[in-house]
Amino acid sequence: ATSAALSAQETIKVGILHSLSGTMAISETTLKDTMLFLIDEQNKKGGVLGKKLEAVVVDPASNWPLFAEKARELITKDKVSAVFGCWTSVSRKSVLPVFKELNSILFYPVQYEGEESERNVFYTGAAPNQQAIPAVDYLMSKDGGEVKRWVLAGTDYVYPRTTNKILEAYLKSKGVAEADIMINYTPFGHSDWQTIVSDIKKFGSAGKKTAVVSTINGDANVPFYKELGNQGIKATDIPVVAFSVGEEELAGIDTKPLLGHLAAWNYFQSVKNPANEAFIAKWKEFTKNPKRVTNDPMEAHVIGFAMWVKAVEKAGTADPDKVIDALPGIEAPNLTGGVSKMLPNHHITKPVLIGEIKADGQFDVVWQTKGLVPGDAWTDFLPGSKDLEADWVTLKCGNYNTVTKKCGA
Amino acid sequence: MVLAALAWLPSAAVAQAPIDAALEKLTTDSYSDTIDAIQAIAVSGHPRAAVIIQALQGGQLAFSAAEKKVYVRVGNGLQEAGSGAATAAVPADLADVRANNRVRGIVSAAMGTLTLLNPDPARRLEAAASVLKSRDVASLPALEQALGRETDPAVKAAFAAARAAIVLNKADASDNERVAAIDLIRKRGGQDALGLLRGLPADTPKRVKDAAEAGAKVVETQLALWSGAQNVWYGLSLGSVLLLAAIGLAITFGVMGIINMAHGEMVMIGAYTTFVVQEVIRAHAPGLFDWSLTIAIPLAFLTSGLVGVILERTVIRWLYGRPLETLLATWGISLILMQAVRTQFGANNREVGAPSFMSGSFDIGHMSITWGRLWIIVFALAVFAALILVLKRTPLGLQMRAVTQNRSMASAMGIRTPFVDALTFGLGCGIAGIAGVALSQIDNVSPNLGQSYIIDSFMVVVFGGVGNLWGTLVGAMTLGVINKFLEPYAGAVLGKILVLVFIILFIQKRPRGLFALKGRSVEA
Amino acid sequence: MLTVSNIDLFYGAAQALRSVSVSAKAGEISCVLGRNGVGKTSLLRAITGHQPITKGSIVWEGQDLGRMPPYERARRGIAFVPQGREIFPLLTVRENLETGYACLPRAERYVPDEIYDLFPVLKDMLWRRGGDLSGGQQQQLAIGRALVTRPRLLVLDEPTEGIQPSIIKDIGRALEYLRSKGTMAILLVEQYFDFAKELADSYAVLDRGEVVIAGSKAEVDPEQVRAKIAV
Amino acid sequence: MDLAKNSLLYLDGVAVSFDGYKALRGLSMVIEPGEMRAIIGPNGAGKTTMMDVITGKTRPDEGEVLFAGSTDLTQMDEAAIASLGIGRKFQKPTVFESQTVRDNLVLALQGDRGTFATLFHRLTGREATRLDELLETIKLQDRQNELAKNLSHGQKQWLEIGMLLAQEPKLLLVDEPVAGMTDAETMETAHLLRKINETKSVVVVEHDMHFVRELGVKVTVLHEGAVLSEGSIDHVANDPRVIEVYLGR
Amino acid sequence: MITSFLLKGFDRRVTFAVLILAVIAVAVPCFNLYLPQNHPLHVPTYLVQLWGKYAAYAMLAVALDLVWGYCGILSLGHGAFFALGGYAMGMYLMRQIGTRGVYAHPILPDFMVFLNWKELPVTWYGFDWFGYAAFMVMFVPGLLAFVFGWFAFRSRVTGVYLSIITQAMTYALLLAFFRNDMGFGGNNGLTDFKDILGYNIQADTTRAGLFFLTVLAVIVSLILASAIVNSKLGKVLLAIRDAESRTRFIGYRVENFKVFVFTVSACMAGIAGALYVPQVGIINPSEFSPANSIEAVIWVAVGGRGTLVGAVVGAVAVNWGKTWFTGAFPAYWLFALGALFVLVTLFLPKGIIGTLSSLMARRPAPAGTLNPKPAE
Ligand SMILES: Nc1ncnc2c1ncn2[C@@H]1O[C@H](COP(=O)(O)OP(=O)(O)OP(=O)(O)O)[C@@H](O)[C@H]1O
Ligand SMILES: Nc1ncnc2c1ncn2[C@@H]1O[C@H](COP(=O)(O)OP(=O)(O)OP(=O)(O)O)[C@@H](O)[C@H]1O
Ligand SMILES: CC(C)C[C@H](N)C(=O)O
Ligand SMILES: [Mg+2]
Ligand SMILES: [Mg+2]
């Protein structure tokens, strides 16, 4: 995987830990390409600290223990200075001990359930407060249709369960009755949605405006949307807002019947601004595919990578330990026109955008937060977490308890 | 609402009011402005009001912010929205007037009322449905007028129901009026009715409330019955998907005894063939799109079948008599095929569209049946029937069975075993390819497509009884129906677990599956 | 005419046939005899193409069969009644018979009545699974199935094994009848000496993979044969 | 009932059908302790099926099958019946192909068949001698370490017989032991069975009339799942019905 | 009795393998701990851990070969036993975290805290005690195998039917363990372990120790399995594999034998899982995935079914291949691995060890014992 042209001395190695095969390859392959693209661009600009960057790609094959193994290989054998990788939370959990033990850096680019802040990990994807909660806020607003009844549909695992737990608490705090919330879980790769979609239809025909908040993940989305289309659930009747459906996923679906369904992200390809347009153009050129789309986790890598480069330059070295300390406070422009900042809790600030699906598989941004929302590692809506705070700058702690005033207690 | 005024007297000549101010609002690219504009245009009584609103609904309304002008797209040309005059000069900053769900909701309610008198009964039915959904009191006069004129009984019933829905929610309706409305709604039945009856405003008088509750109960029992039927339907439709996925395996595994781990990839190849066919059609003959699946079926059969034949000739044929090793080899093959597709088409999902005859749904009573699923059931059964015919009624079928039961004796009988082997395996794979065409309609077309069906396929074949095609049919349908009856109670996850446990227990009772092969040779 | 000359046959490193030669002529029954494990079945497997030979030649109707696969041999008129019957267990009796159609032109695809005359049980059992039949019934089916192909060389491996006496007699009569037609060569492996003696036009006695006695009925003393296989 | 009590094997009115095909129709038979009985009958008469019923492979639809006067065999499974002391040689030789000839016999040797007993089993000297004897009897000494699958058809027949002997059952059910044997071997087998019969009971099914005659025991003729005739070999051989359906003219 | 039984395990092949493994078990930790970093023979810690993982897989493969290779039970659910053993160990390790979790809850593991659980589910009781956990490592898989086997084998479920219901079993467990409600951490599983028996799990010495123990466990399981298959019971197993009903007719209670090996094998798999977890640092439901179990079958097939040593070789070879290919050609490694499987079946039909040993067997004694020509 190591491009042999450059010898180890004069390069800084960057590890890319994304599945290129197995179930997650669908999502992660693009991120590998993104990283190669970014590194290529950076090298064109002369690299970092006068050294060229060198990408080391491995394939953890959607196999969680293999993620840990490959992470270890990247850090100890290939001696990479930072790793950009993982998609699922479980893969991150699996590599976490490795990064801690070997004191290296992981940039994690995907929205996740939160409840974590580690010294060695930088979370460039959305925390729940940067995606789920604003999405619900939008739907409750006048523009969003003043939704009164909620279906929380998700794949049966930690991310959706946690997100839904947070949302349920949040909705109740906004006065939504228990009876107006329907929670439904399905297995990974669920492909027969007839019953559930018809249940949703039933739940939504009770007279109150209903919306579906979907934390359905991965492969299950396509059949879900196909079934929505087939059973004729229109966005004007029951809008579905999804947290894991982006441009990349829509590229695999006929979107005409899905017009108006929503997604909440921190970036959409359709966002109009010069930085984004330039990026898209270069990306298409790099991949030699004029139809290639961009999406939110890609943007997270763009930001993360830019931040890492700046931090290395600021620290004057690629040594992970130094870079970790240099990273908080670093700012990098995102592709939606703002400037994201790495926070002391290792999350970043991001705008939240709501998009409606268009017939061409792109999103129409119909709403967006006024400014950038800072990522919150510990949600305010769960009793166990609301007292926790992460701060790696002053407190040097990922889970400081503001009540007991102790780190990790 | 204001719209009603327009709808009420659609044919009456209303004074032409200036709508320029409203049109200008459409050029600000703000949803609230757009909504205001629609409302203003609607009350204006302007002759082009309907055209403009319809254009917005169809995404044909465009504006130029610089010129503060609104246009309607007509074919490739542009019309000025207000005057209808064609313009040749296309403004540089021409952009679509955007609509979000809220805008679309208001537009469709407006259009609903506007089309109550449309000459096309289907459109009138739609209009009735959208009025019923909006329950907008303002539509009442228009509705009543339309009701009076209506001759088509179906549409009339729909209008009456919509009227009842409005009356029920009208503040100043009398109790008697409301009870009558309740009666009507109860008779109509269905999920909407239940929603209406249960969703009365809090200040409804008790008598009305009681009547509504009683009515709701009736509707509920009726719906419960229908939902039983609906579950059976869902079950059969899931069953037919399982059948399609498994039926090729019933040949390669059931008949030939090859533990064919690459079966799923044959399905996948079929799905990708569909994708390629559609791509070609999109690029070269868009008019044929509705025929894309019909064209894809034979091609998918040939592609997967050919891959199967090649595999049989190069790998599988060395493994007869060593069934367990076929597991190893086919697993390897499946990895290779998956990666090959990933390399060729990318790791992402590919879009396969639905031809128009497979889109949408229709109702039988209170049961909704989607066309796509219906076709899949029909298709699965047709494939099954064809296969049974080939195996049981043709000399080739006899030779296939003979070869798989005793290869060397079959050869001694003059049967060209290599040819028959290749053909049998090819047939199994080809059928899997056909299944891929159907599955492309409901699932991801991705390199992993096959993986998600392989386990289910083996379950079905084994549950039904290895070597018995009827077993595969009944097995698939049984598992489908059981699954769909469990799902509402246990949830999808637990439901699936329960189905697996059921299979395990069932096999204890019938260790050779549902339709066990019988006879001395099997028992030995 | 079948001429097997000097063939060797190995199972792995073990040699089962050593330079064996036999022949079979149309209108004659050639009998191969020998005790258990001397290589009779191996010889037949070589002739029908189920086991490759390492030396020698098998010439049928002037053509060296070489490494020709069994089905090609079957298509050249060689039919095989194997030891152990090898019925297709899940095919019905009728289907078992119909497998013989594979090497027939379309017009000849029917089961000749003489087969049913010979083995009346088969007619009663057409719809039963072959594998369910009793041992003897299967043996009858195996012979019937071979005859469906209208062979010019009929190779039988201990066809009387497990068959009731009356049918053994019928089979004997049938073989005589087939011989009398003069168009078919019959190669019969037997252990049941009295049966073989009645039918044989020529003998080949195998011992430990070698032909120890060979010759026409006139040349060979049956008692010598009997003695040889009794050791 | 006395008949049942004093018998070793007692079949009364046994009926078996497969998918409506009646393989046995009210078969009754009594085998005395120490008796040897020959059973003949047309192909498909139900001889093998009868053995299936006795050994627990097939459950009869009707009828009684008693062993040693009282044990109801229809209620037991194959292993239990085998441990009672009923051994069987199958019509089609079924040996353990991937094990050596010797191991085939070791498996069949009489002894404790419990899981742990076999786990900790060590071959005793007595067992070893017994093995050698058996190998000698079945004439496979020089092939004892060869895999059973490499045996010829007839050799497998012998191995089956050897395995049956190794079990030292009280009752031997022998299905067509001499099929595929030469005439000389046939006679030898007859002697062997006669010798065994000195201590054990034997039921033997054969079509070879020389062999049956050589055994010189009572013969039962089955036909269409029931007894057609019974008596000495000369008696049945002259029974016109037996000649009609079985022996032929 | 026991010793003489175990001694049976030492046939030529196993003895040879045991010797090699013993050398590895000692040498690798020593080279890791006592040789300086730059010494050419130094074994980096990450390799110790990687090889430790292979060793755990090897043990699973031995367990599988015992039932599949010798008794014909093709279990497509052996990963379930492995995973259950792993979960038992994982639960112990979770409890050892104590207040070092992110929420610093003294009793509840993190994932329970953030799902607002109030108390420890009963299933977790006792797992803070190593002895109990170690017992459960064997007991839970063993019990499941016993119950499952008892029903299935008595009902005479055989062949593919058995394979498929074992697959159904592991699949059902996969789905069940995905559910957060089950109380085992859902999809994320159990991770972020701190120490084991008081030793820091990330320390080199602990790693080396775990490696040693795992290889030792492989050795023991090899000997045990080999002793079983070389005993008379082993012959019965082979007999069952080749002709199950015939075995019944000579009086063996086939179901008991099957339940016995199935249970023994499941316990072995459980221990393998337990040794695996502390070395890879995570256990989650994907270990239950049917594909994992199928892969284990493939290791055995590659190494040579029914050879025990082959199982070890196959597990190590395939996994090493995977490690290497995924790093060396991340985009094409599936081609390489897939081709490997196909080539093995075509050219090494008995697997690596099977083919090697039949080559060896052929050379010395020409097996031409068939019909030896009389001397005269
Ligand atoms: N597949 C095989 N592998 C190895 N050796 C074999 C194989 N088949 C047969 N043999 C051996 O070859 C020799 C000849 O066997 P063959 O089957 O030809 O004997 P046969 O004369 O037909 O005996 P029978 O009368 O018992 O049927 C025997 O010693 C047998 O053990
Ligand atoms: N499992 C089965 N299914 C269907 N039919 C069966 C089964 N077992 C036996 N039969 C039938 O029962 C009848 C008796 O068979 P059986 O094998 O007992 O005959 P047999 O007397 O042993 O004959 P042979 O002398 O030819 O061995 C046969 O017609 C056979 O087809
Ligand atoms: C929602 C997903 C795309 C990512 C999420 N972090 C997970 O747990 O898998
Ligand atoms: Mg023979
Ligand atoms: Mg019989």
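Start at the interface of chain A and chain B, where the rule finds six salt bridges (a side-chain nitrogen of Lys or Arg within 4 Å of a carboxyl oxygen of Asp or Glu). Before going on, note that this is a predicted model, in which local features need pLDDT of at least 70, side-chain atom pairs count only at pLDDT 80 or more, and totals for chains, interfaces and linings use all residues. Residues are numbered from 1 along each chain as its sequence is written, chains are lettered from A and ligands numbered from 1 in the order in which they are written, and side-chain values use heavy atoms, with hydrogens and water left out.

**Stop 1: chain A against chain B**

Select B:Arg98 and A:Asp364: they form a salt bridge whose closest N and O atoms are 2.3 Å apart. Between these two chains, 17 residue pairs are in polar contact, both residues at pLDDT 80 or more (N or O atoms within 3.5 Å; within protein, one must be able to donate a hydrogen and the other to accept it, and residues adjacent in sequence count only if both atoms are side-chain atoms).

Now colour chain A by element. Helix H1 (25-44), strand E7 (181-186), helix H6 (194-204), helix H7 (221-230) and strand E15 (363-368) each give two or more residues to the side that touches chain B; helices (H or I, at least four residues) and strands (E, at least two) are DSSP runs, numbered from the N terminus. H6(A) gives the most, with six residues.

Widen the selection to the whole contact: 51 residues come from chain A and 49 from chain B, with contact meaning heavy atoms within 4.5 Å. About 3900 Å² is buried between the chains, and carbon and sulfur atoms give 42% of it (the accessible area, 1.4 Å probe, that two parts lose on being put together, summed over both). Pick out A:Ile26, A:Gln194 and A:Asn230, which supply 15% of what chain A buries here, more than any other three residues.

**Stop 2: ligand 3**

Stay with chain A and select ligand 3. Its surroundings include A:Trp87, A:Thr88, A:Glu113 and A:Asn217, each with a heavy atom within 4 Å. Side-chain polar atoms of A:Ser89 and A:Tyr108 are worth labelling: the first lies 2.8 Å from a ligand oxygen, the second 2.8 Å from a ligand nitrogen. The side chain of A:Tyr157 also has an N or O atom 2.8 Å from an oxygen of ligand 3. The protein covers 100% of the 280 Å² of accessible area that ligand 3 has on its own (Shrake-Rupley method, 1.4 Å probe; for residues, only the protein chains shown count as cover).

**Stop 3: ligand 2**

Which chains should you show around ligand 2? Residues from chains B, C and D surround it, so the site is shared between chains. Of its 23 surrounding residues, the closest are B:Arg520, C:Ser134, C:Gly136, D:Thr48 and D:Thr49. In chain D, backbone N or O atoms of D:Gly44 and D:Gly46 each lie 2.8 Å from an oxygen of ligand 2. The protein covers 98% of the 630 Å² of accessible area that ligand 2 has on its own.

**Stop 4: ligand 1**

Finish at ligand 1, where chains C, D and E all contribute residues, so this site is shared between chains. C:Thr41, C:Ser42, C:Gln191, D:Asn150 and D:Gly154 are the closest of 21 surrounding residues. Show the side chains of C:Lys40 and D:Ser152: each has an N or O atom 2.7 Å from an oxygen of ligand 1. Taken alone, ligand 1 exposes 630 Å², and the protein buries 89% of that.
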